[in-house]
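This report is meant for a reader who meets the structure here without earlier acquaintance. It follows a few residues and elements in turn, and it is best read with the structure in view.

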Amino acid sequence: MLDIFASFATDELAEVNGTWLPFNGAKLLIARAGNRKYVKTLTKKVETFQKELDAQDEAADKRSDEIMAEVFAESILLGWENVGFKGAPMDYSKDNAKTLLLVKDFRRAVAALSDDMNNYRVKVEAEQVKN
C-alpha cells in the first residue's frame, strides 16, 4: 500500500525555517524552495524591477541574477558553518549570503538542495521501526 503521508509529508516548519545540510565540508541552513517567504520576496522584487526585466537584454539578465541572489539570501540560504570566500572565512549575514549567491554555480547548488523534498520530509520511518 502506498502511504501518502509516509511518502510525501514534509515538515512545514523546516521548509520555512530551514534544515541543516552537509555541503562540501560545510553545513548550510537551507529553507525549501517555494516557501511562502520566497514567493512573497520574489514577487515583490520582480514587480519592483519589471520594466528593467522586460528589456530582456544583458542588463536584464544581470538584474535577474541579482534578484535571485537577494531572494535566496532573504528566504532560502538562512545560515552556514565553515564557509569561506576567496580563501578567507566568512561569517553568515544576509549581505554575505547575497555575495556568495551571486556565484551562479553555488546558487544552483543551493537551489538543488532547497528543491529536494527528501531534505524536508517528516521523519516517520525511524518512529515506525521502533513500534
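The account begins with Phe106, which is found in helix H7, residues 104-115, of what is a predicted model. Phe106 has a relative accessible area of 18%, and because buried means under 20%, this residue counts as buried. Leaving aside its neighbours within four places in sequence, Phe106 is in contact with Phe23, Leu28, Leu77, Leu100 and Leu101.

Two of these partners, Leu28 and Leu77, lead on to the largest nonpolar core, which has 26 residues and in which those with the most contacts are Leu28, Ile30, Leu77, Trp80, Leu101 and Val110. The elements that give two or more residues to this core are strand S2, helix H5 (58-75), strand S3, helix H6 (94-101) and helix H7. Of these, H5 gives the most, with five residues.

**The strands**

Strand S2, which covers residues 26-30, has four of its five residues buried, so it is largely enclosed by the rest of the structure. Strand S1, residues 19-23, runs antiparallel to S2 and is joined to it by five bridges, while strand S3, residues 77-81, pairs with S2 in the antiparallel sense over four bridges. Lys27 can be followed across these pairings, since it stands opposite Pro22 in one direction and opposite Glu81 in S3 in the other. The hairpin of S1 and S2 has two residues between the strands, and in this hairpin Asn24 takes a positive phi near 50°.

**Helix H6 and its cover**

Which residues of H6 are buried? They are Ala97, Leu100 and Leu101. Seen down the axis of H6, these buried residues fall within an arc of 95°, so they line one face of the helix. What covers the buried residues of H6 includes H5, S3, strand S4 (84-85) and H7.

**Aromatic pairs**

The count of aromatic pairs comes to three, and two of them are set out below.

| Pair | Centre to centre | Between the planes | Arrangement |
|---|---|---|---|
| Tyr38 and Phe72 | 6.1 Å | 80° | edge-to-face |
| Trp80 and Tyr92 | 5.1 Å | 85° | edge-to-face |

The pair of Tyr38 and Phe72 links distant parts of the chain, with Tyr38 in helix H3 (residues 36-48) and Phe72 in helix H5, 34 residues apart. Both are buried: Tyr38 has a relative accessibility of 15%, and Phe72 has a relative accessible area of 6%.

The pair of Trp80 and Tyr92 likewise links distant parts of the chain, with Trp80 in strand S3 and Tyr92 in the loop between strand S5 (88-89) and H6, twelve residues apart. Trp80 counts as buried at 8% relative accessibility, whereas Tyr92, with a relative accessible area of 28%, is partly exposed. Beyond its neighbours within four places in sequence, Trp80 is in contact with Tyr92 and with several other residues, including Trp20, Lys27, Leu28, Met90, Asn96, Ala97 and Leu100.

**A buried glutamate**

Is Glu15, in helix H2 (residues 12-17), buried or exposed? At 15% relative accessibility, Glu15 counts as buried. Not counting residues up to four places away in sequence, Glu15 touches Thr10, Ala31, Arg32, Asn35 and Tyr120.

Terms used: Residues are numbered from 1 along each chain as its sequence is written. This is a predicted model: local features need pLDDT of at least 70, side-chain atom pairs count only at pLDDT 80 or more; totals for chains, interfaces and linings use all residues. Side-chain values use heavy atoms; hydrogens and water are left out. Buried means under 20% relative accessible area, exposed over 50%, partly exposed in between (1.4 Å probe, protein chains only). Two strands pair if DSSP finds at least two bridges between them. Contact means heavy atoms within 4.5 Å. A nonpolar core is a set of buried Ala, Val, Leu, Ile, Met, Phe, Trp, Tyr and Cys residues joined through side-chain atoms within 4.5 Å. The arc is that of the directions from the helix axis to the C-beta atoms. Rings of Phe, Tyr and Trp (its six-membered ring) pair if their centres lie within 6.5 Å; planes under 30 degrees apart count as stacked, over 60 as edge-to-face and the rest as tilted.
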